[in-house]
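Colleague: I've got a new model open and I'd like to learn how to read it feature by feature. Can you walk me through it?

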Amino acid sequence: MNTPDQNFAALGLTLPPAPKPIGVYKPCLIDGKYLYVSGHGTVKDDGALIIGRVGDALTPEEGKLAARQVGLAILSTLKANLGSFNKVKRVIKVLGMVNCTPDFEKHPFIINGCSELFAKVWGDDNGIGVRSAVGMGSLPDNIPVEVEALFELV
């Protein structure tokens, strides 16, 4: 059985730089055995953001890839603060917000981009937690997806 660090390495993906706060908040907070991650956006490897509204500038498939990129940004924050994905026991909760047109209805499909990434890192038992996927009229800097999460530490 592979470790979460080995699972991530096997994906061949790269982590973007850990995002820095653009407001008055902490990117993550450890409270006992829990790690809370603030809302993260679509930070790419070069530090730029994926922007655009799903259902308008972005297709659902592009939105799903943007959600995966948010997952990578969250993983980057975890790596920067913990040093290893192996220090995370499991994903407890994910809240995914989709910047979309009013008639868009496939929010869960979009957020699967992040959830599927976490499942590949920690496995189905520990990488899939409870989740909400909701639509928003806008998100900061016109990013298509924002995700916050709660993890249990080893």
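Colleague: Let's start with a side chain. Which backbone oxygen lies 2.7 Å from a polar atom of the side chain of Ser-76?

Modeller: Bear in mind that this is a predicted model. The backbone oxygen belongs to Pro-16. The same kind of reading works on the nitrogen side: a polar atom of the Ser-76 side chain is 3.0 Å from the backbone nitrogen of Ala-18. Ser-76 itself sits in helix α2.

Colleague: Is Ser-76 buried or exposed?

Modeller: Buried, because its relative accessible area is 7% and the cut-off is under 20%. Beyond its sequence neighbours up to four places away, Ser-76 touches Leu-15, Pro-16, Pro-17 and Ala-18.

Colleague: And Thr-77, where is that placed?

Modeller: Thr-77 is in helix α2 too. Its relative accessible area is 1%, so Thr-77 counts as buried. What I'd look at is the side chain, which makes a polar contact of 2.7 Å with the side chain of His-40. Setting aside neighbours within four places in sequence, the contacts of Thr-77 are Ala-18, Pro-19, Pro-27, Cys-28 and His-40.

Colleague: How do I check the helix as a whole? What span should the 23 residues of α2 have, at 1.5 Å a residue?

Modeller: They should span 33 Å, and the end C-alpha atoms are 33 Å apart, so the two agree. Just past the helix, Gly-83 has a positive phi of about 90°.

Colleague: Now try that on α3. How far apart are its end C-alpha atoms?

Modeller: Only 19 Å, although α3 has 21 residues (107–127) and a straight helix would reach 30 Å. When you see a shortfall, look for a bend: α3 has a kink of about 95°, centred on Val-121.

Colleague: Which side of a helix should I expect to face inward?

Modeller: The general idea comes from the helical repeat: an α-helix has 3.6 residues a turn, so residues three or four places apart point the same way. With that in mind, go through the buried residues of α3, which include His-107, Ile-110, Ile-111, Cys-114, Leu-117, Phe-118, Val-121 and Trp-122.

Colleague: What do those buried residues of α3 pack against?

Modeller: Two helices and three strands: α1 (4–11), α2 (60–82), β3 (88–99), β4 (130–136) and β5 (145–153).

Colleague: I noticed Cys-114 in that list. How many disulfides does the structure have?

Modeller: Here's the general idea. A disulfide is a covalent bond between the sulfur atoms of two cysteines. In this model the search finds zero.

Colleague: Why can't Cys-28 bond to the closest cysteine sulfur?

Modeller: Because that sulfur, in Cys-114, is 15 Å away, and a pair has to be within 2.5 Å to count. Both cysteines are buried, with a relative accessible area of 14% for Cys-28 and 0% for Cys-114.

Colleague: On to the strands. How do β1 and β2 run?

Modeller: Antiparallel, with four bridges joining β1 (28–31) to β2 (34–40). To follow the register, take Ile-30, whose bridge partner in β2 is Leu-35. The two strands form a hairpin with two residues between them, and Gly-32 in the turn has a positive phi of about 65°.

Colleague: What does β2 pair with besides that, and over how many bridges?

Modeller: β2 pairs with β5 over five bridges, in the antiparallel sense. His-40, the one that contacts Thr-77, has Val-147 of β5 as its bridge partner.

Colleague: Then where does β3 fit in?

Modeller: β3 pairs with β5 over nine bridges, antiparallel, and is joined to β4 by seven bridges, running parallel. Gly-96 shows both pairings: Gly-96 stands opposite Val-147 in β5 and opposite Ala-133 in β4.

Colleague: And how should I read the side chains along a strand?

Modeller: In a regular strand the side chains alternate between the two faces of the sheet. For a case to examine, take Val-98, which is in β3. Val-98 is buried, at a relative accessible area of 0%. Apart from residues up to four places away in sequence, Val-98 touches Val-54, His-107, Ile-110, Ile-111, Val-134, Gly-135, Met-136, Leu-139 and Pro-144. His-107, Ile-110 and Ile-111 are among the buried residues of α3.

Definitions and conventions
Residues numbered from 1 in each chain as written. Predicted model: local features only at pLDDT ≥ 70, side-chain atom pairs only at ≥ 80, totals over all residues. Heavy atoms only, no water. Expected span 1.5 Å × (residues − 1). Bend = angle between axes of the 7 residues up to and from the residue. Buried < 20%, exposed > 50% of the residue type's maximum accessible area, 1.4 Å probe, protein only. Contact = heavy atoms within 4.5 Å. Pairing = 2+ DSSP bridges. Polar contact = N/O pair within 3.5 Å; in protein donor to acceptor, adjacent residues only side chain to side chain.
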